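Biologist: Before we go through the fold, could we look at the chain together and take it one question at a time?

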Amino acid sequence: MIMITGGAYQGKTEFAKSHFGIADCDIINGGDCPFDSLFSAKCVKNYHLLVKRLLSEEYDPREYTEKLCGENPGLIVIIDEIGCGIIPVEKSERKWREETGRAGCIIASRSSAVIRLNCGIPSAIKGRL
């Protein structure tokens, strides 16, 4: 498993495509894909939006993420950092941020590489580029 993280619009998807040879057709969008499609996918972008959808449908994002890591260890996960900045007033938004962070921790612990992008520049947090 490989995790690519960073703020919004930092070049994460383009990096995955160029660095790992991923084609557009190999990338599914966590914002609107069927939940079970990730178990056979090569790459998922917007994992943070998948967490939001799981919460809205009363699924446990941590349980789902643990299962995903076990069943698709070759997956490349692209996830936005959403835990920095102003704490949201809305309780559901705070819960989303917390669950996204916890899911990210699970993914990072199972990944051979964790890469953070800032202004399109990758930095290896874990493993090598």
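Modeller: Gladly, and please keep in mind that this is a predicted model. A good place to start is His-48, which, leaving aside its neighbours within four places in sequence, is in contact with Ile-79, Asp-80, Ile-82, Trp-96 and Thr-100.

Biologist: In which helix does His-48 lie, and is the residue buried or exposed?

Modeller: His-48 belongs to helix H2, a helix of residues 47-56 that packs on the sheet and touches E3 and E4. The relative accessibility of His-48 is 5%, and because anything under 20% falls in the lowest class, His-48 counts as buried.

Biologist: Which backbone nitrogen lies 3.3 Å from a polar atom of the His-48 side chain?

Modeller: Among the contacts of His-48 outside its sequence neighbourhood are Ile-79 and Asp-80. The backbone nitrogen at 3.3 Å from a polar atom of the His-48 side chain is that of Asp-80.

Biologist: Which strands stand at the edges of the sheet, and why is one side of each left without a neighbour?

Modeller: The sheet is open and has six strands in the order E2-E3-E4-E1-E5-E6, with mixed pairing. A strand with a single partner has one side without a neighbour in the sheet, so the edge strands are E2 (27-29) and E6 (121-126).

Biologist: By how many degrees are neighbouring strands of this sheet turned against each other on average?

Modeller: The strands concerned are those of the open sheet E2-E3-E4-E1-E5-E6. With direction ignored, the average turn between neighbours in this sheet is 25°.

Biologist: What is the bridge partner of Ile-27 in E3?

Modeller: Strand E2 and strand E3 (residues 43-45) run parallel and are joined by three bridges. In E3, the residue that partners Ile-27 is Cys-43.

Biologist: Which strands does helix H1 touch, and what angle does its direction make with that of E1?

Modeller: Helix H1 (residues 12-20) packs on the sheet, where it touches strand E1 (2-6), E2, E3, strand E4 (76-80), strand E5 (113-118) and E6. The angle between the direction of H1 and that of E1 is about 145°.

Biologist: How many residues of E1 are buried, and which of them lie on each side?

Modeller: E1 is joined to E4 by five bridges in a parallel arrangement, and five bridges also join E1 to E5, again running parallel. Ile-2 illustrates this position, with Ile-76 as its bridge partner in E4 and Ala-113 opposite in E5. Both faces of E1 are covered, with Ile-2, Ile-4 and Gly-6 on one side and Met-3 and Thr-5 on the other. The number of buried residues in E1 is five of five.

Biologist: How far apart in space are Ala-108 and Ile-4, C-alpha to C-alpha?

Modeller: Ala-108 is placed in helix H4 (residues 91-110), and its contacts beyond the neighbours within four places in sequence are Met-3, Val-114 and Lys-126. Although Ala-108 and Ile-4 are 104 residues apart in sequence, their C-alpha separation in space is 9.3 Å.

Biologist: What is the angle between the planes in the aromatic pair of Phe-15 and Phe-20?

Modeller: The whole structure holds four aromatic pairs, and in this one the ring centres are 6.0 Å apart. Phe-15 counts as buried at 10% relative accessibility, whereas Phe-20 is partly exposed at 27%. The pair is edge-to-face, with an angle between the planes of 90°.

Biologist: Which residues do ring pairs link into a cluster?

Modeller: Phe-35 and Tyr-64 form an edge-to-face pair at 6.3 Å centre to centre, with 65° between the planes. This pair links distant parts of the chain, since Phe-35 is in the loop between E2 and E3 and Tyr-64 is in helix H3 (residues 61-71). Phe-35 counts as buried at 15% relative accessibility, and Tyr-64 is buried at 11%. The cluster consists of Phe-35, Phe-39, Tyr-59 and Tyr-64.

Biologist: Over the ring of which residue does the charged end of Lys-52 sit?

Modeller: The charged end of Lys-67 sits over the ring of Phe-39, 5.3 Å from its centre. For Lys-52, the charged end is 4.1 Å from the centre of the ring over which it sits, that of Trp-96.

Technical notes
Residues are numbered from 1 along each chain as its sequence is written. This is a predicted model: local features need pLDDT of at least 70, side-chain atom pairs count only at pLDDT 80 or more; totals for chains, interfaces and linings use all residues. Side-chain values use heavy atoms; hydrogens and water are left out. Two strands pair if DSSP finds at least two bridges between them. Helices (H or I, at least four residues) and strands (E, at least two) are DSSP runs, numbered from the N terminus. Axes are lines fitted to C-alpha atoms, for helices over the stretch in contact, and angles run from 0 to 180 degrees between N-to-C directions. Contact means heavy atoms within 4.5 Å. Rings of Phe, Tyr and Trp (its six-membered ring) pair if their centres lie within 6.5 Å; planes under 30 degrees apart count as stacked, over 60 as edge-to-face and the rest as tilted. Buried means under 20% relative accessible area, exposed over 50%, partly exposed in between (1.4 Å probe, protein chains only). A charge sits over a ring if NZ of Lys or CZ of Arg is within 6 Å of the ring centre and within 35 degrees of the ring normal. A polar contact is a pair of N or O atoms within 3.5 Å; within protein, one must be able to donate a hydrogen and the other to accept it, and residues adjacent in sequence count only if both atoms are side-chain atoms.
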